Amino acid sequence: MEIVRLHLARLDAFHDIPVHGFVIKHPRAGAILVDTGVGWGDERLIKDWKVVNRHAADAMAEHDLSPADVKIVINSHLHFDHCGQNAVFKHAPFYIQRSELERARREEPTNGQWFDFAGARFELLDGDGEIAEGVRVVATPGHTVGHQSVYVDGPDGVAVMIGDAAYTADIYRDGDKADLSPWPGQHADRDAWTRSLEKVHASHPHVVHFCHDTRVLGHS
Ligand SMILES: [Zn+2]
């Protein structure tokens with residue numbers, strides 16, 4: 001199954017942080033989109049984070065894909081840079097951890113309309129779950145309470161889209177011993193976060209993709 005990385009935005013506030021989404025080209029289920037980048041219209045947020053934003057449709061067009069191709073959306077979590085353009089895909093169901101939707105409704109009122117718009121169809125998960133044959137979500141709480149990562153089975157092993165369970169390849173490698181001083185938001189619950197990273201390591205992924213690091217760990 002081919003995994004296509006989308007360049008959805010850049011956050012220039014601290015470092016030049018890329019914002020990636022991913023399309024899994026599933027032979028039967030169609031295109032499965034993981035995360036939708038930053039939304040539009042919140043000028044304060046755009047300014048605070050120095051967002052250089054792109055339309056998801058433009059990012060997809062680079063790969064001869066269009067929003068209509070997307071049959072399923074998975075949000076790793078509901079921070080502003082992962083669910084901002086969900087409404088572009090309102091024809092698709094959104095697979096989200098139930099605890100994450102509850103958290104975001106409490107804590108993210110300003111960008112609530114980005115994921116909680118009228119008619120949004122949620123498929124709420126309580127822990128790990130299969131989304132399509134060979135594609136599953138694995139609960140990786142700690143960055144947020146309802147964070148999840150996406151595992152895709154391939155001939156050489158599993159490919160992991162880790163979401164924000166690790167912002168970078170270095171953090172993934174070093175885990176609890178990583179220098180997180182440049183990355184204050186890495187965990188909301190340090191113990192849960194550490195356990196989640198150990199869980200991903202234990203699955204011995206063939207390749208790991210990051211939302212905020214252009215490096216890809218392993219070989220594809
Ligand atoms: Zn996040």
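The site of the zinc ion in this predicted model is irregular, since the angles among its four donor atoms run from 90 to 176 degrees, and a tetrahedral site would need all angles to lie between 85 and 135 degrees. The donors are H77 through NE2, H79 through ND1, H143 through NE2 and D164 through OD, and they coordinate the zinc ion at 2.2 to 2.3 Å. Along the sequence, these donor residues follow the spacing H-x1-H-x63-H-x20-D. H77 belongs to the loop between strand 5 (70-74) and helix 3 (80-83), while H143 belongs to the loop between strand 9 (135-139) and strand 10 (148-154), so the pair ties together parts that are 66 residues apart in sequence. Both of these residues, H77 and H143, are buried.

The structure also holds four aromatic pairs, and two of them are set out here.

| Pair | Centre to centre | Angle between planes | Arrangement |
|---|---|---|---|
| Y167 and W183 | 5.1 Å | 35 degrees | tilted |
| Y172 and F210 | 6.3 Å | 65 degrees | edge-to-face |

The pair of Y167 and W183 links distant parts of the chain, 16 residues apart, with Y167 in the loop between strand 11 (157-161) and helix 6 (169-174) and W183 in the loop between helix 6 and helix 7 (190-202). Both Y167 and W183 are buried.

The pair of Y172 and F210 likewise links distant parts of the chain, 38 residues apart, with Y172 in helix 6 and F210 in the loop between strand 12 (207-209) and strand 13 (217-218). Y172 counts as buried because its relative accessibility is 6%, and F210 is buried with a relative accessible area of 1%.

Terms used
Residues are numbered from 1 along each chain as its sequence is written. This is a predicted model: local features need pLDDT of at least 70, side-chain atom pairs count only at pLDDT 80 or more; totals for chains, interfaces and linings use all residues. Side-chain values use heavy atoms; hydrogens and water are left out. Donors are N, O and S atoms within 2.8 Å of the metal (3.2 Å for Na, K and Ca); water is not among the atoms, so sites may look incomplete. Four donors count as tetrahedral if all angles lie between 85 and 135 degrees; four count as square planar and six as octahedral if opposite donors are over 155 degrees apart and all others between 65 and 115; anything else is irregular. Helices (H or I, at least four residues) and strands (E, at least two) are DSSP runs, numbered from the N terminus. Buried means under 20% relative accessible area, exposed over 50%, partly exposed in between (1.4 Å probe, protein chains only). Rings of Phe, Tyr and Trp (its six-membered ring) pair if their centres lie within 6.5 Å; planes under 30 degrees apart count as stacked, over 60 as edge-to-face and the rest as tilted.
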